[in-house]
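I opened this entry to keep track of what I looked up, going from overall confidence to the arrangement of the chains and then to single residues.

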Protein chains: 2
Amino acid sequence: MPPINLCLLGFGNVGRALVRLLAEKRDELRQIYGIEFRITGVASRRLGWLASPDGLDLDSPGDIETLSRLTLSQSGIREWLEAAEAAVMFETTSLNPHSGQPAIDYIRTALESGVHAITANKGPVAYAYRELAGLARQKCRRFLFESAAMDCMPIFSLFRETLPGARLLGFSGIFNATTSVIIEAMESGDSFEEGVRKAQALGIAETDPAHDVDGWDAVLKVCEIACVLMDADCKPGDIERRGIAHLDPAEVRAARAAGRPFKLVARARLSAGGRLLASVRPEQVSSTDPLSQASGGSLMINFELDVLPGLTLIAHNPGLKSTAYGMLADFLNAVRDHMR
Amino acid sequence: MPPINLCLLGFGNVGRALVRLLAEKRDELRQIYGIEFRITGVASRRLGWLASPDGLDLDSPGDIETLSRLTLSQSGIREWLEAAEAAVMFETTSLNPHSGQPAIDYIRTALESGVHAITANKGPVAYAYRELAGLARQKCRRFLFESAAMDCMPIFSLFRETLPGARLLGFSGIFNATTSVIIEAMESGDSFEEGVRKAQALGIAETDPAHDVDGWDAVLKVCEIACVLMDADCKPGDIERRGIAHLDPAEVRAARAAGRPFKLVARARLSAGGRLLASVRPEQVSSTDPLSQASGGSLMINFELDVLPGLTLIAHNPGLKSTAYGMLADFLNAVRDHMR
């Protein structure tokens, strides 16, 4: 089998972690799946548009700077994918939390060009899942995004592959680690601001954690999961949202002392009439509730199915490597499907 | 597509729950997967060998008694599968915890006859996984068993389908609900015997819970998971085992009061030299340990992967319907693979 050409759109922390993981797994993928690959395109704001169908050497960062760039015309990304003879595009550009753009356009172009599109970006899934999934089907390509909601926790492939014929009635979970860390810091006597700095020191919170704190990050994830797994036709703006900034530190400490600590809880459920009831808000959670089981940097989701009262998944302290792995798993699933 | 012929070997609680679930899901399977099916064979010690390639009517139990039986020669089950023109066999006969027989022979015969074999029986997986999986590959049929370890929790398909390229380094978990219920009863002041009766009243413990209490049930599950997911060449007898019968009620109460309650913990890990280190034994678990998160009738497993520090799955109070669903999922996965 000839090597599969991979392109990376976006080359920040996640993109770099993916390149490292691909190198680490190269021999295993050859031995287990018979898959060979090479990276033939990299593009980012800083690097410009790099493409070479014979493969780029990304092992020594110094070399990247010396490679020649494409000067793209209006058609932009399409030209780059063509020059790289891309089979798979990994999209890890910055999130635009209020429209999902321009990542949606990037993914649309990749799929239209016959390239599998794999993203770790919440925007395209939360704002354009139906359109992009439909386009992928039409083009016999895959649009996959396991790292775009719960880091690499396999929730989309779980329903797609391992739970056939099961109906999802609702879900709840802790979808944002930054807010968990801030609340836990407040429980131990820190101010809200000190909690933010703790989460940043742990590498969990962004420089600007506004979208974590105001619940918007979790709302995007609720929207993704509801659209993909419950076929809901919802937009992030439809989801009830309250952040944690208004929480009173004394109240937070008292809640913990009483054994019912605050968590930023995400919920979604289909009403009897088929309407999606969804929210993200601080709630007090008892110690017997599965929601109490995510602490610190962990993410958790609890599914309610017609065939099983509750199935909980928890990812303990996922990191950059986990996010990169979610994209690797998507890549293997996209390619395996074509090999079966 | 012509209907798929299903046969049930064993017709106890799980077999009956499967028949109910198949009836409940009939329209959905037709609409979503284009799958039609009929039950053409049922066999149990009580019922004898029933087969009709045009389908058996199992809706009214009274009718079952009036159907004519096969009188089987030596070749037994093979004749029955042929008379039923079986495509899929669901095996739910009683567990033989010390050899896995005769279920191993049943499954071998089914696969040799070109029939997909789906089991909810721990024995064949714990004692003969390699042989049966190899035979299935050779015959281009499937040997699937999602309900044979953690009720319907999708752990085998999780690795097969959703976690490609991930390496399992070890796992730990609470694999037996009866012992959890007994320990919790002892924590609240009951004797061991009262705990057993509580578990029986909840429908969790068997009439004879000996194999739950002595850890053997959990040992079989450790063996299944290690063989299938870690390619270990182990037998149940190789696994270190201590049950809960020797636990002192006062010690159990004190451990709970100190916030480090006892659980019957299952563990497996590959040593640096590739040897499997596995055990089932009562351990005290702190409240921050993921193992503390399974209580009452719940089952949980915590996977340690090379690409993710910890991934936990918890099934909350799975019941007969859940076990039946695991077999339905196996059926759909077996058939979908052939449809792709």
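I began with the confidence values, and I note for myself that pLDDT is the predictor's confidence in each residue, on a scale from 0 to 100. The model is predicted, and for chain A I read a mean pLDDT of 92, with 96% of its residues reaching 70 or more. For the model as a whole I wrote down an ipTM of 0.93 and a pTM of 0.94. I keep in mind that predicted coordinates should not be read in detail where pLDDT is low.

**Symmetry of the chains**

I then asked what turn and what shift lay chain B on chain A. A turn of 180° with a shift of 0.0 Å along the axis does it, and the RMSD is 0.0 Å. I recorded this as the relation of a two-fold axis. In chain B, the C-alpha nearest that axis belongs to Leu313(B), at 2.3 Å from it. I also looked up the interface: 100% of the interface residues of chain B are interface residues in chain A as well, so the copies meet through the same surface.

**Helix H7 of chain A**

My next lookup was H7(A), where I wanted to know how many of the residues are buried. Ten of its eleven residues are, which leaves H7(A) mostly covered; among them are Thr178(A), Val181(A), Ile182(A), Ala185(A) and Met186(A). The buried residues of H7(A) pack against strand S8 (168–174), H8, helix H9 (210–213), helix H11 (249–257), strand S10 (262–270) and strand S12 (299–305) of chain A.

I followed one of these partners further, since two packed helices are described by the angle and the distance between their axes. The axes of helix H7 (residues 177–187) and helix H8 (residues 192–201) of chain A come within 8 Å and cross at roughly 130°. That crossing makes H7(A) oblique to H8(A), and its hand is right-handed. On the H7(A) side I listed Thr178(A), Val181(A), Ile182(A), Ala185(A) and Met186(A) as making the contact, and on the H8(A) side Phe192(A), Gly195(A), Val196(A), Lys198(A) and Ala199(A).

**Backbone geometry**

I turned to the backbone with the reminder that most residues other than glycine have a negative phi and most peptide bonds are trans. The peptide bond from Gln101(A) to Pro102(A) is cis, with omega near 0°, and Pro102(A) is in the loop between strand S5 (88–91) and helix H4 (103–112) of chain A. In chain B, I found a cis peptide bond joining Gln101(B) and Pro102(B), with omega about 0°.

Positive phi values came next. Asp231(A), which is not a glycine, has phi near 55° and is found in the loop between helix H10 (216–229) and strand S9 (240–241) of chain A. I logged Asp231(A) as exposed, because its relative accessibility is 57%. Asn317(B) has phi near 45°, again positive in a residue other than glycine, and lies in the loop between strand S13 (310–316) and helix H12 (320–339) of chain B. With a relative accessible area of 49%, Asn317(B) counts as partly exposed.

**A buried aspartate**

Is Asp217(B) buried or exposed? Its relative accessibility is 8%, so I noted Asp217(B) as buried, and placed it in helix H10 (residues 216–229) of chain B. Setting aside neighbours within four places in sequence, I find Asp217(B) in contact with Lys122(B), Phe175(B), Asn176(B), His211(B) and Asp212(B).

Key. Residues numbered from 1 in each chain as written. Chains lettered and ligands numbered in written order. Predicted model: local features only at pLDDT ≥ 70, side-chain atom pairs only at ≥ 80, totals over all residues. Heavy atoms only, no water. Least-squares fit on C-alpha atoms with pLDDT ≥ 70 in both. Contact = heavy atoms within 4.5 Å. Helix = DSSP H or I, 4+ residues; strand = E, 2+ residues; numbered from the N terminus. Buried < 20%, exposed > 50% of the residue type's maximum accessible area, 1.4 Å probe, protein only. Axes fitted to C-alpha atoms, helices over the stretch in contact; angles between N-to-C directions. Parallel < 35°, antiparallel > 145°, perpendicular 65-115°, else oblique. Left-handed = near helix turned anticlockwise from the far one by under 90°.
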